[in-house]
Amino acid sequence: MRDPELERLASAMGRLLRSDPNGGDSPFVAVERLAELLSIELHDDVALDDVVRVATHSRKFELGQDRTTVRTTRRAAPTTVAAPDILYHACTAEQVARYVERGGLYASSGKQIFLSDDEAQAWRAAHRMRGEPRVLYVDTVRQRRRRLKLQRKRRGLYTSRFISVADVLNLQPQFAEQRSAGGIPLVETPDGLRMALIRVTRRSGVTWEVAKGKLEPGEPPEWAGIREVQEEMGIEVDFQVRALVGLIRYGFLAPGGLPRLKTVYLYLLDPVGEIGDEFRPSTREGVKDVRLFTPEEACRVVTHSSLRPLMHRAKQLVESGTVTAAAG
């Protein structure tokens, strides 16, 4: 088998099969199911014929007698890990109705529920199913509080034997999505580049955070990030976006206990002109202070679990020289 694409497919098949996608129920996996998992793994559509072709021509695999299942003899135990705050489950409207009726997400014959950390890939998988496609938002923070285990298979693919309906955000009454944006101003000082953060008093205590807030109707995320920095830090200087650090998604309860899926876009911002000591924190927004930190310090003081990976990403961008602040 010399075709590079088929060799790549064979490698991915081996990883998935050794990770026990059936949860120990059977070493054989349905070709159709394996093609679905490979499509998520490789970020590309994988045909059933290609799966059968690889299994036929490689000694690593064995086809079942009816040629609709395949297995590998080399196995590895799955690893239990902390997952991202939000995972996505591909399914159909008919499956959703069954989940709601049963009170949870179950797989047939005691198998495992599959989840992805990539919403787009989950939608692609859902569209390949027979029925009206649906994607469910699973709040893994709630899962961890309930001590329900998630297992990571490979590259963004997770499994669980059961997920309560209470942990699925978009199966809750009055569910809605909320989009926000924030910014980290980069300030050049005599001692080097610094990141500006805000100090906010929450019910859980005082925390250092990035300035952020909800998008106004029709507002682009980068505009909202700049506006929120100006409003919460109390500065009139304009900014230009140097880089999108990334985005995070997490579940929370709005006032009244209303379930929300929050998406936050985070940008690194260069001031157009000098900032100086012009910060006037917006007490109306609950901001108590604004302070400049080195990239390393900023990573330490921002403790929100969802924001920490993005802070480390911002630090890498700054320290690699990919992003440099504009001179004042």
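In which sense do strand 5 and strand 8 pair, and over how many bridges? I should like to open with that pairing, and I note at once that the model before us is predicted. Strand 5, residues 86-92, runs antiparallel to strand 8, and the two are joined over seven bridges. Within this pairing, Ile86 stands opposite Asp139 of strand 8. Strand 8 itself spans residues 133-139 and is mostly covered, with six of its seven residues buried.

One residue of strand 8 deserves separate mention. Arg134 is partly exposed, at a relative accessible area of 32%; it does not count as buried, because that class requires a value under 20%. The side chain of Arg134 forms a salt bridge with that of Glu132, at 2.9 Å from N to O. Glu132 is also partly exposed, with a relative accessible area of 46%.

Let me turn to the salt bridges in general. As background, side chains of opposite charge can pair when their charged atoms come close. A search of the whole structure finds 18 salt bridges. One of particular interest joins the side chains of Arg249 and Glu177, with an N to O distance of 3.2 Å. This pair links distant parts of the chain, 72 residues apart: Arg249 belongs to strand 16, residues 238-254, and Glu177 to strand 12, residues 176-189. The two partners fall in separate accessibility classes: Arg249 is buried at 16%, whereas Glu177 is partly exposed at 46%.

A further case is the salt bridge between Glu228 and Arg227, whose closest N and O atoms are 2.9 Å apart. Are these two residues buried or exposed? Both Glu228 and Arg227 are buried. They also belong to a network of salt bridges that includes Glu216, Glu219 and Glu231.

I return to the strands, beginning with strand 7, residues 113-116. In a regular strand the side chains alternate between the two faces of the sheet. In strand 7, Ile113 and Leu115 point one way, Phe114 and Ser116 point the other way, and all of them are buried. Strand 7 pairs with strand 10, residues 157-160, in the antiparallel sense over four bridges. There, Ser116 stands opposite Leu157 of strand 10.

Next, an open sheet. Three strands are arranged in the order 1-3-2, with antiparallel pairing. Strand 1 (29-30) and strand 2 (61-63) stand at the edges; each has a single partner strand, so one side of each is left without a neighbour in the sheet. Strand 2 pairs with strand 3, residues 69-72, over three bridges in the antiparallel sense. Across that pairing, Glu62 stands opposite Arg71 of strand 3.

Two items remain, both concerning charged residues. The former is a negative surface patch, formed by Asp3, Glu7, Asp49 and Asp50. Of these, Asp3 lies in the segment before helix 1 (4-18). Why can Asp3 belong to such a patch? Its relative accessible area is 34%, and membership requires over 30%, so Asp3 meets that part of the criterion.

The latter is Arg291, in strand 18, residues 287-293. Arg291 is partly exposed, with a relative accessible area of 43%. How far apart are Arg291 and Ile198 in sequence and in space? They are separated by 93 residues in sequence, while their C-alpha atoms lie 6.6 Å apart.

Key. Residues are numbered from 1 along each chain as its sequence is written. This is a predicted model: local features need pLDDT of at least 70, side-chain atom pairs count only at pLDDT 80 or more; totals for chains, interfaces and linings use all residues. Side-chain values use heavy atoms; hydrogens and water are left out. Patches are made of residues with over 30% relative accessible area and no salt bridge: like charges are joined within 9 Å, nonpolar side chains (Val, Leu, Ile, Met, Phe, Trp, Tyr) within 5 Å. Accessible areas come from the Shrake-Rupley method with a 1.4 Å probe; for residues, only the protein chains shown count as cover. A salt bridge is a side-chain nitrogen of Lys or Arg within 4 Å of a carboxyl oxygen of Asp or Glu. Lys and Arg count as positive and Asp and Glu as negative; His and the chain ends are not counted. The place of a charge is taken as NZ of Lys, CZ of Arg, CG of Asp or CD of Glu. Buried means under 20% relative accessible area, exposed over 50%, partly exposed in between (1.4 Å probe, protein chains only). Two strands pair if DSSP finds at least two bridges between them.
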